[in-house]
Every structure is written in structure tokens, then in C-alpha cells.
Amino acid sequence: DIDLYEHSCELEIRGTDAERHRAKRYVECVMAQRVGPVTIDDDDDDDLTCIEVPTEAVGFVTGAQGNFLRSVEEEWGTLMFFADFRGRDHGRQGETEKLA
């Protein structure tokens, strides 16, 4: 359960320890994508699925101003973003982008 108090710029996250941990990570990803690339560690929890997207298809997948990704998020109740990964190699650099 998440409540946003806009007047004080506070976010309250409630739930089990695991739920609060995941919610905090999701909020951090959303905040990070507003200012630059989102970085994901290889050892993140198992609630993350990654798809390799050919570099030439990234614009199509994203859509104009990110509208396609936002519509998929809305329809399926998920969070999607292109990410940089720390750790083991996730595809050949320059040929694909990672969609998480």
C-alpha cells in the first residue's frame, strides 16, 4: 500500500518487509528514469524480467515520448524501463538494449 502526500513530498509505503523492499526499489527506478539511465544489479530479486531489444527497435518499443511503454504499463499493471546492468554480460554491447 503506497500513499503519496504531494504537499509535503512524502511517500508512505506499507506492507510486509518484502513488499516494502520491492516498493522502495520500484520507486527508486521511477525516480532514476526521470534523470538518466536506471541501473539494475544482477543480484536483484526474482520479480524482474528482462528482454533484449535490438537497438534499431528501441524507438518502436518505446513509442513517441514513451507513450507505448506507458500504455503497456497501464494495461498490465507493471513497470517497464530500459536499464543498464551491473554484473555479468547481458548481451553484446551496442547490439541490444535491456528492457526490464
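Trainee: Which residues is Phe68 in contact with, leaving aside its neighbours within four places in sequence?

Mentor: Phe68 is in contact with Phe60, Val61, Thr62 and Gly63, where contact means heavy atoms within 4.5 Å. One note before we go on: this is a predicted model, where local features need pLDDT of at least 70 and side-chain atom pairs count only at pLDDT 80 or more, while totals for chains, interfaces and linings use all residues. Residues are numbered from 1 along each chain as its sequence is written, and side-chain values use heavy atoms, with hydrogens and water left out.

Trainee: Thanks! Where does Phe68 sit, and how accessible is it?

Mentor: Phe68 is in helix α3. Its relative accessibility is 44%, so Phe68 counts as partly exposed. The cut-offs are under 20% relative accessible area for buried, over 50% for exposed, and partly exposed in between, with a 1.4 Å probe and protein chains only. Helices here are DSSP runs of H or I with at least four residues, strands are E runs of at least two, and numbering starts from the N terminus.

Trainee: And which residues of α3 are buried?

Mentor: Leu69, Val72 and Glu73. They cover an arc of only 100° around the axis, so they are on the same side of α3. That arc is taken from the directions from the helix axis to the C-beta atoms. Glu74 and Glu75, on the other side of α3, are exposed.

Trainee: A buried glutamate caught my eye. What does Glu73 form a salt bridge with?

Mentor: With Arg70, and the closest N and O atoms are 2.7 Å apart. A salt bridge here is a side-chain nitrogen of Lys or Arg within 4 Å of a carboxyl oxygen of Asp or Glu. Both residues lie in helix α3, 3 residues apart, about one turn of the helix. An α-helix has 3.6 residues a turn, so residues three or four places apart point the same way. Glu73 counts as buried at 12% relative accessibility, whereas Arg70 is partly exposed at 34%.

Trainee: How many salt bridges are there by this rule?

Mentor: The count comes to 4. Among them, Lys24 and Glu28 meet through their side chains at 3.2 Å, N to O. Those two are 4 residues apart in helix α1, so about one helical turn separates them. Glu28 is partly exposed, with a relative accessible area of 40%. Another is the bridge between the side chains of Arg14 and Glu12, at 2.4 Å, N to O. Arg14 is partly exposed at 31%, and Glu12 is partly exposed at 32%.

Trainee: Staying with α1 for a second, which of its residues are buried?

Mentor: Ala23, Arg25 and Cys29. Seen down the axis of α1, its buried residues fall within an arc of 160°, so they line one face of the helix. The face turned away from that buried side carries the exposed residues Asp17 and Met31.

Trainee: New topic: what's in the largest nonpolar core?

Mentor: It has 8 residues: Val53, Val58, Val61, Leu69, Val72, Met80, Phe82 and Leu99. α2 (58-62) and α3 (67-76) each supply at least two residues of this core. By nonpolar core I mean a set of buried Ala, Val, Leu, Ile, Met, Phe, Trp, Tyr and Cys residues joined through side-chain atoms within 4.5 Å. There is also a second, separate core of 6 residues, including Cys29, Val38, Ile40 and Ala100.

Trainee: What does Met80 touch, not counting residues up to four places away in sequence?

Mentor: Met80 touches Gln33, Leu69, Arg70, Val72, Glu73, Leu99 and Ala100.

Trainee: Any backbone oddities? What is the phi of Gln65 like?

Mentor: Gln65 has a positive phi of about 55°, although it is not a glycine. Gln65 lies in the loop between α2 and α3 and is exposed, with a relative accessible area of 80%. Further along, α3 is followed by Gly77, whose phi is positive, near 60°.

Trainee: Last one: how many helices and strands does the protein come to?

Mentor: 3 helices and 6 strands, and from the N terminus on, the elements run β-β-α-β-β-α-α-β-β. Buried residues make up 22% of the 100 residues.
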